[in-house]
Amino acid sequence: MPEWTSLNFDRYAFSMCLRIIIVGSVGLAGCSSTQGREIESAIVSAPAGVNRRQQIEDTPAKTEDTKAPATRPAVVSDPLAQPQRINPKNIIHMVYELNPSVLASREEMVAAQYGLEEFKTNLSRFEPFMRVEGDVAEFPERRDSEGMTGEIVGGIEKETFEGAILRVEGGASGSRFEYGEVDEDQDEVEQGSGGLVRARFEIPFVGSRKRQNRVISQAFQESNAREAELDYLSRYRDYTESALSYYYTTLRYLNYARAYQQKHRDIEMLINDARCKTEDKLRLEAEVGETHVYIDQYHTLYRDSLARLLAYLGLYPDDKFILEEPPYKASPYLEMSKTPEGREKMTEEAYINNPKFQVLNNAIKDAQLQRDQAIIGKFDITAFVEGTQFAFGAETFDDRVGGWEIGAGLSVRLNDSRVLSASRLKAEAQIRQFRAEIEAERMKIRRQITTESDSLRSNHKIRLKVLENIKKTSAEFEERIKRYFNSGNVGNGGNGDTNPITIDDVLLSLSEKTSAMTLLAYYSSLVGDAESDLMAATGEVYRLVGMKIEDNGEMAFPEAKP
């Protein structure tokens, strides 16, 4: 069977097939038949006072790869420079910096990280304090006594996250009692004061319930922070992929419209030629009406796709922007993906660039810590040491003046084995869950790299064939025009071509040329989509904006520009 790019085949069938492919791929859209309507054009120069927006110049449809871009060259040195330049590199930065949903997700992640820090800080306090205590008492059977005692102390207390407590305090105490029944050698009033310095150190051992509760609570807070991180990573990647997809879709519809505008210009050229017969002009005018329908259809789809693209970039329709169309060049993934070694290198880059792997590995470490606590937490053991120095005071008031005392204690409690078993089993299930998620992400990356690499190479090859076909169909169209005007069928006479052709033959060749141009736009869009999907799969969309996981497990990212 001959290759589809060959001209030695049924041209009519080929034209109809191409029309079905193009129309089926984009669907039908509402349109008008306004004569002479052109695709929305852009201001080519870049003066400071652009009016409403800057878009792509209304240039003829591409028929070959050129070194110069169709519009402005892509600039990525400052992605947020005004007016906004929309191109693949800048889109990644604009989604990161400007998209409200991405910004909201990032702030949610930051809030969750501060929530974890707040939790840890709340349980790792270093606080100065002051305490005042007082008692009022009356004892009728104790010599009819009544009086009051009081103590005022100040100090510092340090509590660690593991539950250890160190407290040092110093102050004074005093009392005053009056007695209703006194002997001859007793005073009716006894009063006095004295000073003290006190220290206490309390430490829960590894298996203590206090430490276990804190580890479990910490795991819950880290789970919230981790969920926010994963949600942020997924949302940023999804929005970036969608924005890039709409970018290439917008250019595709734009080039569809350009192709039909070129067809319109070619038909107008035939109509305005004096050698064209009157009855053929009527046929050409009918073809012009059909061409306008396609122009309006793709113009509508172009506007809709552009509006969606702007929404993903965080731009309003009235914002100033330039939709850039960089020249086509072979993707760096094209050569890399040809060999198994190259694909393996792309996979390794994905593992390095994708922060999701580090987040899940940190989650495994947290779950392993919970599991270890449950295993060694059979006994709840807490020990303390406390000492007091009675620094000064009247010996008649407190005969402990000048002395000291030290106390120690050990508390041992058997933890409920059911709780420990449930904690251990939960942690082990979480470890398996996170490992499965890592493996699922690895498989997803490998699958995407394989499928998108195949798609990239296949569509790139087809695109090259389409370029060749455009040259052939363009040459065939020019040849048929010459034969038509030189044919003996032409009213003003000709060279009497032995094989005359009609205007329908000319239009059929023009339709083949237009269909080839739309196919070029279609496969160029597919190549762009495949490349952007590979950028997402290899984690390049994360690396380009500087997103990574620090050694402490927190997400690191550059500050968004105001």
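The following dialogue explains how to read helix crossings, burial and contacts in a predicted model of a protein.

User: What helices and strands does the protein have, and how many of each are there?

Analyst: The protein contains 11 helices and 10 strands. As the model is predicted, the values discussed here are computed from it.

User: How many residues does the protein have, and what share of them is buried?

Analyst: A residue counts as buried when its relative accessible area is under 20%. In this protein, 42% of the 562 residues are buried.

User: Where along the sequence do the partners in a contact lie?

Analyst: One may consider contacts between residues at least 6 apart in sequence and ask what share of them spans a longer stretch. Here, 77% of such contacts join residues at least 24 apart.

User: How should I read the angle between two helices, for instance α9 and α10?

Analyst: An angle over 145 degrees counts as roughly antiparallel. The axes of α9 and α10 cross at roughly 160° and come within 7 Å; these two helices are therefore roughly antiparallel to each other. Their crossing is left-handed. Sorted by class, the residues in the contact of α9 with α10 comprise 24 nonpolar, 10 polar and nine charged.

User: Which description fits α7 and α9, oblique or roughly antiparallel?

Analyst: Helix α7 covers residues 340-353 and helix α9 covers residues 417-486; their axes cross at roughly 135° and come within 10 Å. That angle makes α7 oblique to α9. The crossing of α7 and α9 is right-handed.

User: Which residues make the contact between α7 and α9?

Analyst: From α7, the contact involves R343, E344, M346, T347, A350 and Y351. From α9, the contributors are R442, I445, R446, I449, T450, S453, D454 and R457. By class, the residues of this contact are five nonpolar, three polar and six charged.

User: How do I read the surroundings of a single residue, such as A243: is A243 buried or exposed?

Analyst: Begin with its helix, then its accessible area, then its partners. A243 belongs to helix α4, residues 209-272. With a relative accessible area of 0%, A243 is buried. Apart from neighbours within four places in sequence, its contacts are I91, V95, L309, Y312 and L313. The pair A243 and L313 illustrates sequence distance against spatial distance: 70 residues separate them along the chain, and their C-alpha atoms are 6.9 Å apart.

User: V95 appears among those partners. Where does V95 lie, and what does V95 touch?

Analyst: V95 is part of helix α2, residues 88-98. Its relative accessible area is 0%, so V95 is buried. Leaving out residues up to four places away in sequence, V95 touches V102, Y236, Y239, T240, A243, Y312 and L313. A243 and V95 thus each have Y312 and L313 as contacts. The C-alpha atoms of V95 and L310 are separated by 10.0 Å, with these positions 215 residues apart along the chain.

User: Is K513, which carries a charged side chain, buried or exposed?

Analyst: K513 has a relative accessible area of 8% and is therefore buried. K513 is placed in helix α10, residues 503-537. A polar contact of 3.3 Å joins its side chain to that of D266.

User: What else does K513 touch?

Analyst: Beyond residues up to four places away in sequence, K513 touches D266, T473, S474 and F477.

Note on methods: Residues are numbered from 1 along each chain as its sequence is written. This is a predicted model: local features need pLDDT of at least 70, side-chain atom pairs count only at pLDDT 80 or more; totals for chains, interfaces and linings use all residues. Side-chain values use heavy atoms; hydrogens and water are left out. Axes are lines fitted to C-alpha atoms, for helices over the stretch in contact, and angles run from 0 to 180 degrees between N-to-C directions. Helices (H or I, at least four residues) and strands (E, at least two) are DSSP runs, numbered from the N terminus. Angles under 35 degrees count as roughly parallel, over 145 as roughly antiparallel, 65 to 115 as roughly perpendicular and the rest as oblique. A crossing is left-handed if the near helix is turned anticlockwise from the far one by less than a right angle, and right-handed if clockwise. Contact means heavy atoms within 4.5 Å. Ala, Val, Leu, Ile, Met, Phe, Trp, Tyr, Cys and Pro count as nonpolar, Asp, Glu, Lys and Arg as charged, and the others, Gly among them, as polar. Buried means under 20% relative accessible area, exposed over 50%, partly exposed in between (1.4 Å probe, protein chains only). A polar contact is a pair of N or O atoms within 3.5 Å; within protein, one must be able to donate a hydrogen and the other to accept it, and residues adjacent in sequence count only if both atoms are side-chain atoms.
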